[in-house]
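Please look at the sequence and the model together. The text below leads from one part to the next.

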Amino acid sequence: MTEGIISAPAEGGDTLSRLEQEGEIAADYLEGLLDIADLDGDIDMDVEADRAAVSIISDSSGRDLQKLVGRDGEVLEALQELTRLAVHRETGDRSRLMLDIAGYRAKKREELSELGAKAATDVKNSGEAVKLDPMTPFERKVVHDAVKAAGLRSESEGEEPQRFVVVLPA
């Protein structure tokens with residue numbers, strides 16, 4: 001008799017379907033937001049590095065979507081948190097969903113990767129630690145990854161919102 005025995009699905013497949021569900025919930029929420037704001041945009045969903053990734057893209061110049069990015073991505077950060085809350089409300093689980101609007105975060109990731117690589121080169125050449133300007137958690141993560149790829153290590157120091165990355169010599 002097999003009562004009480006439940007076979008769990010494969011961990012990888014279960015995680016992927018959970019992240020896809022997060023993306024679908026987020027897309028529905030964001031489509032409603034775009035409708036309310038009367039903005040045009042297409043929603044693209046993906047799974048990147050064990051998190052749901054949702055992008056709002058536009059066929060036109062994307063100037064309207066820049067309103068949703070805001071100065072230095074402040075509105076984008078707020079919308080990401082609201083979207084995560086909408087996912088949490090539906091699933092009961094904390095979401096690590098990443099939101100990008102009009103390619104802002106992708107461009108920022110590229111710039112920050114270059115900054116991290118340059119800082120790592122400076123540290124290798126000088127042998128002294130380099131402190132970078134304060135950054136958001138997303139920005140610090142990208143820089144930490146770039147420094148690690150360059151073969152060095154880095155740490156975050158300070159308190160939010162003035163938390164910053166320090167690139168350390170080997």
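What follows covers the surface charge, a sheet and several salt bridges.

This is a predicted model, in which local features need pLDDT of at least 70, side-chain atom pairs count only at pLDDT 80 or more, and totals for chains, interfaces and linings use all residues. Residues are numbered from 1 along each chain as its sequence is written, and side-chain values use heavy atoms, with hydrogens and water left out.

Begin with the surface. A patch of negative charge gathers E20, E24, D28, E31, D35, D38, D40, D42, D44, D46, E48 and D59. The elements that give two or more residues to this patch are helix 1 (11-37) and strand 1 (42-48). Helix 1 gives the most, with 5 residues. Helices (H or I, at least four residues) and strands (E, at least two) are DSSP runs, numbered from the N terminus. Patches are made of residues with over 30% relative accessible area and no salt bridge; like charges are joined within 9 Å, and nonpolar side chains (Val, Leu, Ile, Met, Phe, Trp, Tyr) within 5 Å. Lys and Arg count as positive and Asp and Glu as negative, while His and the chain ends are not counted. The place of a charge is taken as NZ of Lys, CZ of Arg, CG of Asp or CD of Glu. Accessible areas come from the Shrake-Rupley method with a 1.4 Å probe, and for residues only the protein chains shown count as cover.

One member of the patch, E20, has its place in helix 1. E20 is partly exposed, with a relative accessible area of 40%. Here buried means under 20% relative accessible area, exposed over 50%, and partly exposed in between (1.4 Å probe, protein chains only).

Charged residues also occur in pairs. Side chains of opposite charge can pair when their charged atoms come close. The structure holds 12 salt bridges, each a side-chain nitrogen of Lys or Arg within 4 Å of a carboxyl oxygen of Asp or Glu. In helix 1, E22 and R18 lie 4 residues apart, about one turn of the helix. They form a salt bridge whose closest N and O atoms are 3.1 Å apart. E22 counts as buried at 3% relative accessibility, whereas R18 is partly exposed at 35%.

A second pair within one helix is K118 and D122, with closest N and O atoms 3.0 Å apart. These two residues are 4 residues apart in helix 4 and so are separated by about one helical turn. D122 is partly exposed, with a relative accessible area of 31%.

Another salt bridge joins K108 and E139, the closest N and O atoms being 3.6 Å apart. Because K108 lies in helix 4 (residues 104-126) and E139 in helix 5 (residues 137-149), the pair ties together parts that are 31 residues apart in sequence. K108 is partly exposed at 22% relative accessible area, and E139 counts as buried at 13%. R109 also lies in helix 4. The C-alpha atoms of R109 and K141 are separated by 9.6 Å, with their positions 32 residues apart along the chain.

Turn last to the sheet. In it, 3 strands form an open sheet in the order 4-6-5, with antiparallel pairing. Strand 4 (130-131) and strand 5 (153-157) each have a single partner strand, so one side of each is left without a neighbour in the sheet. Two strands pair if DSSP finds at least two bridges between them. Strand 5 is joined to strand 6 (residues 164-168) by 5 bridges, and S156 stands opposite V165 in strand 6.
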